[in-house]
Every structure is written in C-alpha cells, then in structure tokens.
Protein chains: 2
Amino acid sequence: MARNCRFAVAVHVSTVLAMNRERPATSDWIASSVNTNAVVVRRILSALSKAGLVKSQRGIAGGSVLAREPEAISLLDLHRAVDELEPPPTHNQTPNAACPVGAHIVPVLIDIISRAEQAKEAELAKISVADVVTQIRARAAVAAE
Amino acid sequence: MARNCRFAVAVHVSTVLAMNRERPATSDWIASSVNTNAVVVRRILSALSKAGLVKSQRGIAGGSVLAREPEAISLLDLHRAVDELEPPPTHNQTPNAACPVGAHIVPVLIDIISRAEQAKEAELAKISVADVVTQIRARAAVAAE
DNA sequence: GCAAATGTAACAGTAACAATTACCGTTACC
DNA sequence: GGTAACGGTAATTGTTACTGTTACATTTGC
C-alpha cells in the first residue's frame with residue numbers, strides 16, 4: 001500500500017507557502033517541489049483550507065497562501081486537518097462478553113490509546129510551521145558551506 | 001482493510017494470561033475470549049515469545065504462560081513486540097532536491113515524527129499488564145453491583 | 001500410536017492509500 | 001466574449017497491509 005504521507009505533504013506544502021509569501025503558489029509548482037501529482041497537493045490544500053489554515057484563489061493568477069502567520073500554525077493543526085480523527089485501533093470483532101477480560105477491556109484500551117495519542121499530539125503542538133522554516137534554513141545554510 | 005489490532009490483541013492476550021497463571025492457556029481458549037481465530041492469537045503469541053514476554057509449550061497439555069511478572073511487562077514492551085519498528089511516514093517519492101524545502105525537509109520531518117512517537121511510547125511505558133488487570137477487575141466489580 | 005496442542009505457510013477477501021485522468025467552475029486578461 | 005490558467009472534485013487503477021481461514025508439519029504426554 002502506498003503509505004499515508006498526508007501529514008508529511010501538509011508540512012511540506014505549508015513550509016513552501018511560508019517561504020514564499022509574496023505571491024500565491026500554484027498547486028503545480030508546489031507539486032514539483034513535493035515531487036507528486038498536483039491533484040495530491042490540491043487535496044491537501046483543500047483539507048487545509050477547510051481547517052482555515054490556507055486560502056486558495058481560483059482562476060488565472062490564482063494559487064494558495066497561508067491564512068495565518070507561520071508562527072500561528074502548529075504541526076498539530078496540520079495533523080488534525082489532514083488525518084481525520086479515527087477511532088483508537090482496538091478489536092475488530094467485539095470480544096467475548098462472557099469472559100471478564102473480554103467484557104471490559106475495550107474501554108480500558110481506548111483510554112490507554114487515547115492518552116498515548118494525546119502525548120503525541122502535545123509534542124506536535126509545540127512545533128510551528130515557522131520552526132520548520134527555521135530548521136530548513138539552518139540546514140540549507142550548512143549545505144551551502 | 002482490516003484495521004491493525006495487533007496491539008489491542010496483545011494487551012488482551014497478556015491480560016488473560018496474567019489473570020490465569022495457574023495453568024497454561026491454549027490459543028483456542030484465548031481466541032474465544034478475543035473472539036477471533038486461534039491462528040491470529042498464535043501469531044501474537046509467537047511475537048511475544050520472540051520478545052521473551054511469554055513462554056509457549058507444544059503438545060498435549062501445552063499452552064502459553066507469561067514469562068515475567070505482570071508488573072514487569074509494560075504496554076510498550078507489547079507494542080514493540082507486535083508492531084515492528086517502521087520508518088516514520090514521510091514522502092513516498094523523494095522530494096525535489098532543487099527546491100530548498102524539498103532538499104532538506106525529510107530529515108526535519110523524521111526528527112519531528114520520531115520525537116512525537118517517543119512521547120507516545122513514554123506514555124505506554126508507564127502502564128503495565130498488572131495495571132490493566134487492576135482496571136479490568138475494578139470495572140468487573142462495578143458491573144457486578 | 002493417538003490425541004491435543006503449537007508453529008507456520010499459503011491464500012482469499014477487504015480496505016486504505018497515492019497516483020492519475022477527466023471534467024467542471026472560476027478568474028484575469030486580451 | 002473568448003481563452004488560458006488556475007483550483008475543486010469525482011472516478012478509476014494499482015498496490016499494499018492486514019485479518020481471517022485452511023491446511024499441514026511438529027511436538028508432547030498418555
């Protein structure tokens with residue numbers, strides 16, 4: 001299966017937009033940086049637009065721009081925008097209720113997995129698109145030496 | 001696709017083993033609690049066995065038992081045993097190196113995703129199989145009122 | 001030997017995903 | 001008004017990961 005790279009593409013797209021704020025970027029142009037199809041980029045942009053993170057303009061001379069300052073967009077915002085909330089991955093079949101474990105484990109598991117997922121999200125919330133731009137610029141500067 | 005429920009099954013299996021330590025549990029019996037096929041359970045048990053978390057015995061009167069005290073098995077142990085370490089989900093195609101973002105974003109993304117994943121694992125490390133047993137027993141006691 | 005158990009390979013069915021094609025709606029410019 | 005350059009989206013395809021299942025070899029105790 002093609003791996004889920006929506007979050008990675010969302011970060012990439014947002015970073016490109018953050019580093020090119022003087023004019024709207026076209027999906028074709030962004031796609032050439034990501035090295036994928038323009039429709040894939042437009043799907044991501046569509047999700048980001050619905051979340052209010054970018055603004056897109058149709059028509060000639062159209063394109064997309066960030067809707068907020070890069071400092072005000074966290075990677076958690078991006079994650080939530082492109083990976084819709086899915087239920088915690090527990091049993092596919094409901095367990096045997098006649099067994100004490102089967103009868104009660106699902107809510108316990110949901111609680112545990114949710115807590116772990118929140119820890120992950122808290123980490124993503126600490127990082128902004130501006131931080132990513134800073135890191136990219138630092139690496140580019142090192143590479144240019 | 002059938003969702004990945006290996007971690008959930010691993011927790012379920014380990015909890016059943018922790019609550020029935022007087023005799024080895026057969027995969028058939030565990031499967032009836034999980035409500036799945038015995039082979040699915042044996043696949044999980046095989047992974048747990050390779051990680052040294054359970055011991056299985058072939059032949060008549062065989063079955064599986066925990067290899068350690070339930071207090072000494074964390075959910076992170078289970079997670080690592082059944083969900084082999086996969087690379088962080090970044091781009092499928094390598095991005096365009098001619099673009100500064102494309103040239104440097106992958107290691108930045110890997111760093112970010114790894115850190116977020118570590119936060120999640122740290123949360124799982126806090127919980128032991130014995131804790132799950134305690135929670136199951138508490139819920140069973142409430143349900144019995 | 002036989003019965004009961006694990007271990008594992010092989011296969012089918014299913015679902016998720018990226019990538020792609022095609023087409024529609026929108027907008028600026030001539 | 002026509003046209004070209006855009007975004008938006010539905011539909012399709014190919015691929016992959018996963019569970020669930022069958023089948024069979026292996027092991028073990030009686």
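**Two chains, one hairpin: questions from the bench**

Reader: Which residue of β2(A) stands opposite Q57(A)?

Author: Opposite Q57(A) you will find G63(A). Please keep in mind that this is a predicted model, in which local features need pLDDT of at least 70 and side-chain atom pairs count only at pLDDT 80 or more, while totals for chains, interfaces and linings use all residues. Residues are numbered from 1 along each chain as its sequence is written, and chains are lettered from A and ligands numbered from 1 in the order in which they are written.

Reader: How do you know that β1(A) and β2(A) pair?

Author: Strands pair if DSSP finds at least two bridges between them. β1 (residues 54-57) and β2 (residues 63-66) of chain A have 4 bridges, in the antiparallel sense, so they qualify. The two form a hairpin with 5 residues between them, and G59(A) in the turn has a positive phi of about 80 degrees.

Reader: What makes a stretch of chain A a helix or a strand, and how many of each are there?

Author: Both are DSSP runs, numbered from the N terminus: helices are H or I with at least four residues, strands are E with at least two. Chain A has 6 helices and 2 strands, in the order α-α-α-β-β-α-α-α.

Reader: Why is chain A called more spread out than a compact globule?

Author: The radius of gyration is taken over C-alpha atoms, and the globule rule is 2.2 Å times the number of residues to the power 0.38. For 145 residues the rule gives 15 Å, and chain A comes to 19 Å, well over that, so the label fits. Along the principal axes, its C-alpha atoms fill a box of roughly 65 × 35 × 30 Å.

Reader: Is V129(A) buried or exposed, and what about S56(A)?

Author: A residue is buried if 20 or more other C-beta atoms (placed from the backbone) lie within 10 Å of its own, exposed if 12 or fewer, and partly exposed in between. V129(A), in helix α6 (residues 129-143), has 27 such neighbours and so counts as buried. S56(A), in strand β1, has 18, which makes it partly exposed. For chain A, 37% of the 145 residues count as buried.

Reader: What does V129(A) touch?

Author: Residues are in contact if their C-beta atoms, placed from the backbone, lie within 7 Å. Leaving aside neighbours within four places in sequence, V129(A) meets S14(A), T15(A), A18(A), P70(A) and I73(A). With residues up to four places away likewise not counted, S56(A) touches L45(A), S49(A) and S64(A).

Reader: How do you know that the buried residues of α4(B) line one face?

Author: In α4 (residues 75-82) of chain B, the buried ones are L75(B), D77(B), L78(B), A81(B) and V82(B). Down the helix axis they fall within an arc of 155 degrees, so they line one face; the arc is that of the directions from the axis to the C-beta atoms. What covers them includes α5 (100-125) of chain A together with α1, α3 (38-50) and α5 of chain B.

Reader: What makes the two chains copies related as by a two-fold axis?

Author: Superposition is by least squares on the C-alpha atoms of residues with pLDDT of at least 70 in both. Chain B is laid on chain A by a turn of 180 degrees and a shift of 0.0 Å along the axis, with an RMSD of 0.0 Å. The copies are thus related as by a two-fold rotation axis. The same surface serves both: 100% of the contact residues of chain B recur in chain A.

Reader: How many residues does each chain bring to the contact?

Author: There are 48 from chain B and 48 from chain A. On the chain B side, α5(B) gives the most, with 16 residues.

Key: Contact = placed C-beta atoms within 7 Å.
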